[in-house]
Structure formats: structure tokens, C-alpha cells
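Student: Before any labels are accepted, I would like to see how each one follows from its definition. Could we work through them in order?

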Amino acid sequence: MKQLGEILVEQFGVAPESIDESLDSQNVSGRRLGELLVKQKRITEDNLLVARSIQSGMELLPTLPAEPNPFFVDRVPIGFLKKYMMIPIATPEECYIAMAEPGYFQQLDDLMQMLEWEGIKTVLVPQDEIYVAINSAYDMGHRDVADQVMQDIDEDDPESILSEIEETADLLDDTSDAPVIKLVNLVLSQAVRDNASDIHIESYKDRVKIRKRVDGILYDMYSPPKHVQSKLISRVKIMAKMDIAEKRLPQDGRIEIRIADKNIDLRVSTLPTAFGERVVMRLLDKSSVLLSLSTLGMSRDDLDRFNQLINASFGIILVTGPTGSGKTTTLYSALSVLNQPDINIITVEDPIEYQINGISQMQVNSKIGLTFASGLRTIVRQDPDIILVGEIRDLETAEIAIQSALTGHLVFSTLHTNDAASAVTRLINMGVEPFLVSSSVNAILAQRLVRKICPQCRESYRPDEEYLTRVGLSPVKFGNRLLYRGQGCPECLGTGYKGRLGLFELMVLSDNIKTMILKSSDAGEIKKQALASLASGMRTLRQDGLSKVLAGETTLEEVFRVT
């Protein structure tokens, strides 16, 4: 059998000196030759796989089935397959074992014994494909036991089954037999798989309801029997390091878990109600990539204006909207554009939702007196160029933010208001002087999130005139334009929607608007002036939404739901 190094030299022109260097490194690091060469970018993963196929004589497969049959999940530990990067595949046509590294002969024999397979074919497959297939198979295996878990739950003392806690362990690896632990793991893994933002455990008189929020809409998951309630909530509270004996006061906690290749941060909140505690878990995917500004859904004009605004040297940029409207995501996207080695960016947040390299982030902690105001006062003495204040909640925070903007800092923050013009009214109602608002605020961006039409089941249709009139659109002006909607398919859980995008209302404070603010704090008057001002170039949330409806990105129902 030829050596791997020889094949790489012959087939892919790798310099023999590079092979010798990597062999020397291999003695120190203990890594395999191919891994070292890929890491050093001397060859690609595909080159290595082809070379291993030539060396071993094994067939090379580029992909695996999207949803592999999980027949083996009860017999083979997930840790074994992940460690040796192999997976058994059974389809109606054939059975085989896929491997990423042909050198694990002994482990291959062990796997065959576990499965009671003999003389089965082995094939080489890229490591990423195997990793995804393993996670998919064990995830499906977990899904199938949901009904069984419900049946297994009995009335044991909660303390007896809540002792196993894996900190930041992969939930798909958890082999606990305790039914409640299985149920919690099931709920979390399914919510992560469906990209849910929140999980609700709600207590009612004779039942418990578990729901998930996906793309802003709540969906039912499970309804376990009432006697499970205390065990279920105790399990979550122990994971979040809360006091399980305290059931009369609200509590907050945090859980870090890993599900497959995702690190998930859960913010847990409990609330005592008439029929027991209610729990809400907010899921934050730490491994998710920050969105770029261009992918948020801003129109080309708004995006150009916003890019100019965030590159200003001082002033305040406010993002407004209700909870869960994507304000933090927009601000983080702006910060990631500005994040350069020569710029000092400091944030004060509650909580820190994404950790960004190169940015100093501070967590508010009201228990020890670290509020937005006190944190912001300290940040100003840290020589920042750009400051992010998670939220302006009171006059003190607003005044320090304004003073920071007036003394040469660029300040980003959020407010809870319905539209851009209302943010001005809100600041003045807090007690900020109108002349300070007009001299410090550069722009206000209001936003909402709408669900996107599922690309898999999207269809066109022509709306009837009666419907257009009912929603306030002129059938004559609308003409013969087509609209789009989703029919509902397995990909979008039958909803017709998949993913979300933003609606934006960007109000740049032109001289006319600043003059208006000095005269009146009436949001309606300020909005009229902004819409009339060419310098502001503002269009309302609903106008932005209708342009996205005509572009086939979302539906009229969605736009009217959020605006």
C-alpha cells in the first residue's frame, strides 16, 4: 500500500519538503498527517479524501441521506460515532458504513458487532457530512420517544430524579432514564432544531402546556399531565441554578447547553401564578453568525443613509420597537461594521446577547447597584469612541447618553416606542429638554419583524378587489399585480412562512424636524414633518412593508399584523 504522503505528492503536487515538515510536526502534535496538511492549507479536505480513497481502495461518496434512518440510536452511543467519525446507513436500496478516516479498523469491527452486521460495505464520506448525519439521526431518535416519555412520567418525588446535571454537555449525548429529564431534553432540542426564540411552560388548573415561539408566533409542543408540573419546573430551576424551594417569588437564572454543534444560552424567568409557577426560557444561539446590515431587509436608500449615519463621529442613533422586534440584532450588525482595531467600542447591556471579539461588553447587575446609568457613567471615563447602551429606561441614563453624544462620542441605544417620531416624545416626557434632543439625536430607526414567505411552497395569486379595499389599498392603483403566499409544507411546519425580515422606518433629524421638536413634542406633527421633508426621506413601517409584499417577500396579513 502506498503511503499517504506519496499519493499527495503524485496526485496534488504537494512539495516533498512539506510532507517532511508535517511528519516532523506529527511527532510533536500527535495529529494525523492529512489533518496537519489541511490545517496548514497545503491541501483541501477534498484532496485528502480523494487521497485516502486511492490509498484504501474505498469508494468515495460526496453526500449522505438528508434524514438517515435512526435504527441504531439505541444500540450505539453517539459519543462513539462522533469520536471515530463513522455512521451506519440503511436505505431501501443498500446498507453501508460511512467513514471519514479509514484507519479506524478496530473501531469499525466494534461498530459491526454492536449492529450484528457482517461483511458490510464501507465508504469514505466528508467529515462534515457524517457529523450532520449523526446529529440528525439522534435528533430524530429523540423525537420518536416523546409519547413514550409522557407515559413514563410518574409521581415520584422530584428530588429523586433531578440529580443528574450535565453542565454545557451535549443534550443529544444525555442518556438519562429519568422521564422528566428526557422531556426537558426533548423540549430543548426540538426548540433549537426549529429555531425557536422562546419556550413557555404554562401552568393551568388541570394541565400544563409547553409552547415554543418560532418566527414570532407561539405553537403548542406538549401537554404533559398536571402532576408533572412540579418535577418539570424543578428540573429547569436546578439547571438554571435557582432556588427550587422558593415558589412564591419570581426568579431569574441562566442555563448554558450544547445541542449538536450549537452552543445555546438560555435566560430563564419564573413567575408565580394562581395554579403554580410559569417558566419562560429565551434561547440565544451563541454559535449563530451575526447578520450583516445588508441582510436585515433595509431598502437600498435606507441602507445607504444608515451606513452614513453610523459612520458619524458623534451623536445618538436610537432604534425603537417592541420587545422581540430585532433592535439588538440591528445594533450588533452596525457595531460589527464599525469594529476596527483603531476604534474603542464599549457596551453596557442587560443581558449580553452576543459576544463580539474586539468589543468590551459590560453586563448590568442591579443587585449590586450596576445600572445602565452607573455603567454608562463609568464607560465615559474609559476613553470610548463608540458606546452602546442596551436601553434608555430613565432620565438619568438619557441625560448621560446625551452628554456623551455632545462631547464627541457616537452613542447607540434602544427605546420601546411604536414609531420613530414617538421616540422624541418619549425622551421629552422622561424629562429631557427639547433643545438637548434636537442637538444630540442624529436619527431614529423604528423596526418590526415580519415572517418571510417559505421559498419551498411559495405561490402567486391575484387578490380580489374587496380584500384590497378592506385593507386600505386602491384596487385601481394596485392594477393587475400578483401577490405571493405560502401554501404550507413540511419545510415550514405547514405555516407557509420560514424566517423573518425587518420592516424599517428611518427618520433622520433634518433641520426642519429639529425646529419642529423645539416647538412641539407632538409625535403626529413630527411624523408629518418627517414625511414631508425631502432631507429626511422617511417612509413609514407600513409603506416599507407594502413594498416588501409587492416584492414577494412577505404577505399583506403579516404587514398588517405588525404595523
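Tutor: Buried means under 20% relative accessible area, exposed means over 50%, and partly exposed lies in between. Please note that this is a predicted model.

Student: Why is Ser53 called buried?

Tutor: Ser53 has 14% relative accessibility; the cut-off for buried is under 20%, so Ser53 counts as buried. Ser53 belongs to helix 4 (residues 45-56). Beyond its neighbours within four places in sequence, Ser53 is in contact with Met58, Glu59, Leu60 and Leu124.

Student: What makes Cys95 partly exposed?

Tutor: The relative accessibility of Cys95 is 33%. Partly exposed covers the range between 20% and 50%, and Cys95 therefore counts as partly exposed.

Student: Why is there no bond between the sulfur of Cys454 and the closest cysteine sulfur?

Tutor: The closest cysteine sulfur is in Cys489, 3.8 Å away from that of Cys454. A disulfide requires the two sulfur atoms to be within 2.5 Å, so this pair is too far for a bond. The structure holds zero disulfides. Cys454 itself counts as buried because its relative accessibility is 0%.

Student: What makes up the lining of the largest cavity, by class?

Tutor: The lining has eight nonpolar, no polar and no charged residues. They are Leu183, Val184, Val187, Ile201, Ile210, Leu232, Val236 and Met281. Leu, Val, Ile and Met count as nonpolar. Helix 10 gives the largest share of this lining, three residues. About 40 Å³ of space lies in this cavity.

Conventions:
Residues numbered from 1 in each chain as written. Predicted model: local features only at pLDDT ≥ 70, side-chain atom pairs only at ≥ 80, totals over all residues. Heavy atoms only, no water. Helix = DSSP H or I, 4+ residues; strand = E, 2+ residues; numbered from the N terminus. Buried < 20%, exposed > 50% of the residue type's maximum accessible area, 1.4 Å probe, protein only. Contact = heavy atoms within 4.5 Å. 1 Å grid on protein atoms, 1.4 Å probe; cavity = no way out; pocket = protein on both sides within 12 Å on 5 of 7 lines; lining within 4 Å. Points joined across faces, edges and corners; volume = space filled by probe spheres on them.
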